[in-house]
Amino acid sequence: MPVANIQVSETLLVLYALRRADDALILGHRLSEWCGHAPMLEEDMALSNIALDLIGQARELYTYAAKAEGKDNDEDKLAYLRDVRQYRNLLLVEQPNGDFAQTLVRQFFYSAFADLYWRAMMTSRDTTLAAIAAKSEKESAYHLRHASEWIIRLGDGTDESHARAQAAIDHLWAFTGEMFAVDEGERALIHAGIAIDPATLRGRWLTTLSDVVGEAALVLPQNDWMQQGGRAGRHSEHLGHLLSELQSMQRTFPGQTW
Amino acid sequence: MYTQALNTAEADDRGLEDAARAAQFQVRIDAEERIEPNDWMPAAYRKTLTRQISQHAHSEIVGMLPEGNWITRAPTLRRKAALLAKVQDECGHGLYLYAAAETLGSSREELVDAMLAGKAKYSSIFNYPTLTWADIGTIGWLVDGAAIMNQIPLCRCSYGPYARAMIRVCKEESFHQRQGYEIMLTLCRGSDEQKATAQDALNRWWWPVLMMFGPPDATSQHSDTSTRWKIKRFSNDELRQKFVDATVPQAQYLGLTIPDPGMTQDADGHWRYSEIDWTEFKQVLAGNGPCNRDRMAARRKAHAEGAWVREAAAAYAAKRAQRQTAQAAE
């Protein structure tokens with residue numbers, strides 16, 4: 001008997017934590033798909049390391065979301081027993097790995113944002129979120145350095161790597177706008193000093209991107225049409241497949257201890 | 001290039017191996033001295049070690065695949081993180097071992113190419129499939145347990161870089177073994193269904209794990225010289241017996257049955273196992289195990305699809321070096 005989805009009382013704080021937890025888990029899961037299949041052993045190691053950091057962040061955020069909700073949910077119920085419409089992650093992080101360029105461009109776009117975001121969140125009035133931010137910021141800084149170095153290598157490597165990196169940038173660009181969008185609920189948390197306004201980070205994020213992309217002799221798209229929906233549970237078709245794999249054990253063997 | 005510039009001058013291998021040098025080498029071995037990369041060594045010693053260390057490295061890398069098969073499906077976030085970290089450790093062991101093999105004068109590329117071409121072997125155990133989550137517990141418990149049994153004596157291997165690599169690898173393997181056993185313990189204390197998967201996994205893995213120690217002593221090809229050179233300290237059968245003796249009580253504690261109805265404990269406490277089906281072992285070594293083709297295909301695919309990335313990294317490094325040279329000249 002498959003297990004029914006859990007219900008989550010998405011108060012502003014619970015929803016806030018879930019959104020960031022889902023970002024970290026889904027991206028960590030995607031990166032973990034590379035383990036054993038990367039272009040070189042050093043990247044099997046590095047991508048796994050980044051995945052581990054992100055899964056660690058997800059666990060802390062889910063645990064906090066469960067605590068803030070105050071019911072009997074926990075990190076595993078939140079991760080394994082919500083369906084695609086209940087997931088709140090950015091569309092960017094659920095995009096398939098594609099080739100190595102696509103994985104690294106996705107990571108670059110996200111880490112350039114996460115690094116700024118978590119650094120700013122260290123001043124949150126919510127001491128748990130501030131503590132999670134302090135840890136995540138250190139990790140994101142390393143993730144950004146790793147991704148930036150690869151963007152430069154690929155952009156300034158061979159004709160093929162340049163073309164693949166540019167194609168990945170062009171493909172993923174439309175998923176970046178969502179990182180800076182804020183809904184009304186989150187606006188209230190921003191006013192309360194619990195969250196920060198991501199829109200204030202966009203200028204610096206673009207500067208980071210321009211510097212790296214410029215050094216790599218790549219270009220950022222002019223197109224400013226942006227896909228939205230992940231934060232409200234309107235995902236790409238890719239997420240359902242990811243979840244069916246991620247959740248298969250908990251759905252097949254309900255209520256067991258692992 | 002990954003090869004280190006060590007003094008493995010061809011001169012050594014060009015037939016200057018006179019009896020006096022070989023005798024002196026054996027004196028050092030007998031005195032338990034460590035042989036280091038720049039020391040003189042018989043060509044056959046170099047060849048044997050290159051084969052053994054690179055096979056060990058290939059095993060770590062191919063070994064990532066059966067366990068990696070469950071990273072995306074691990075049942076909890078804690079298990080997912082632990083498994084990912086474990087498989088990452090195996091990759092680290094592979095890197096470390098390739099580096100140890102390189103000190104003998106072969107590059108990582110050459111060694112990897114030999115594996116991908118099917119000319120170099122890896123441990124036969126990784127040609128079996130991981131069908132259920134219990135297989136992940138069983139691999140940690142038994143496969144890593146057997147690996148530790150094999151590798152602890154290698155910490156005293158006469159070749160310094162290999163011995164030192166093994167010290168670190170054994171520490172991590174020991175952690176993996178306990179982690180695997182803890183997965184088994186959780187399953188065996190869980191539902192009937194969970195316990196049944198644990199027993200099923202043990203049934204499937206037991207005999208292949210015993211084969212990990214290699215052919216029986218009477219037919220082992222490499223043992224004599226390896227023992228004389230103190231690369232190998234215990235025979236295949238000795239290690240296999242040690243493993244069985246250590247594992248039977250662990251299975252009993254889990255409440256699982258070793259799939260060997262003929263197993264008996266003799267008067268001095270050793271558990272005597274039944275005849276191993278060496279035909280199966282030979283078939284798996286010959287490429288006919290359940291997953292040989294899949295494992296090779298996965299490694300070849302990763303290598304082929306990653307070629308453009310490695311080329312890009314090399315091209316970028318060359319450009320950067322050129323720019324730095326040009327800048328320095330200005």
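**Close-up views of chains A and B**

**View 1. A salt bridge within helix α6 of chain A, in a predicted model****.** The side chains of A:E149 and A:R153 meet in a salt bridge with an N to O distance of 3.9 Å, where a salt bridge is a side-chain nitrogen of Lys or Arg within 4 Å of a carboxyl oxygen of Asp or Glu. Both residues lie in helix α6 (residues 127-155) of chain A, four residues apart, about one turn of the helix; helices (H or I, at least four residues) and strands (E, at least two) are DSSP runs, numbered from the N terminus. A:E149 is partly exposed at a relative accessible area of 38%, and A:R153 is partly exposed at 21%; buried means under 20% relative accessible area, exposed over 50%, and partly exposed in between (1.4 Å probe, protein chains only). This is a predicted model, in which local features need pLDDT of at least 70 and side-chain atom pairs count only at pLDDT 80 or more, while totals for chains, interfaces and linings use all residues. Residues are numbered from 1 along each chain as its sequence is written, chains are lettered from A and ligands numbered from 1 in the order in which they are written, and side-chain values use heavy atoms, with hydrogens and water left out.

**View 2. A salt bridge between helices α8 and α1 of chain A****.** A:E186 forms a salt bridge with A:R20, their closest N and O atoms being 2.8 Å apart. The pair links distant parts of the chain, with A:E186 in helix α8 (residues 184-191) and A:R20 in helix α1 (residues 12-32), 166 residues apart. Both A:E186 and A:R20 are buried, and a network of salt bridges links them with A:R19 and A:D183.

**View 3. Helix α11 of chain B and its surroundings****.** The 19 residues of helix α11 (residues 236-254) should span 27 Å at 1.5 Å a residue, and the end C-alpha atoms are 27 Å apart, which agrees; the expected span is 1.5 Å times one less than the number of residues. Within this helix B:D237 forms a salt bridge with B:R240, the closest N and O atoms being 2.7 Å apart. B:D237 counts as partly exposed at 26% relative accessibility, whereas B:R240 is buried, with a relative accessible area of 1%. What covers the buried residues of α11(B) includes α7 (133-151), α8, α9, β2 (271-272) and α12 (278-288) of chain B. The helix is followed by B:G255, whose phi is positive, near 80°.

**View 4. The interface of chain B and chain A****.** In this interface, 45 residues of chain B are in contact (heavy atoms within 4.5 Å) with 48 residues of chain A. The count between the two chains is three salt bridges, and A:D156 forms a salt bridge with B:R323, the closest N and O atoms being 2.7 Å apart. The elements that give two or more residues to the side of chain B that touches chain A include α5 (77-102), α8 (160-188) and α14 (307-329) of chain B, and the largest share, 13 residues, comes from α5(B).

**View 5. B:T76 in the loop between α4 and α5 of chain B****.** B:T76 is buried, with a relative accessible area of 10%. Not counting residues up to four places away in sequence, B:T76 touches A:D76, A:Y80, A:Q250 and A:W258.
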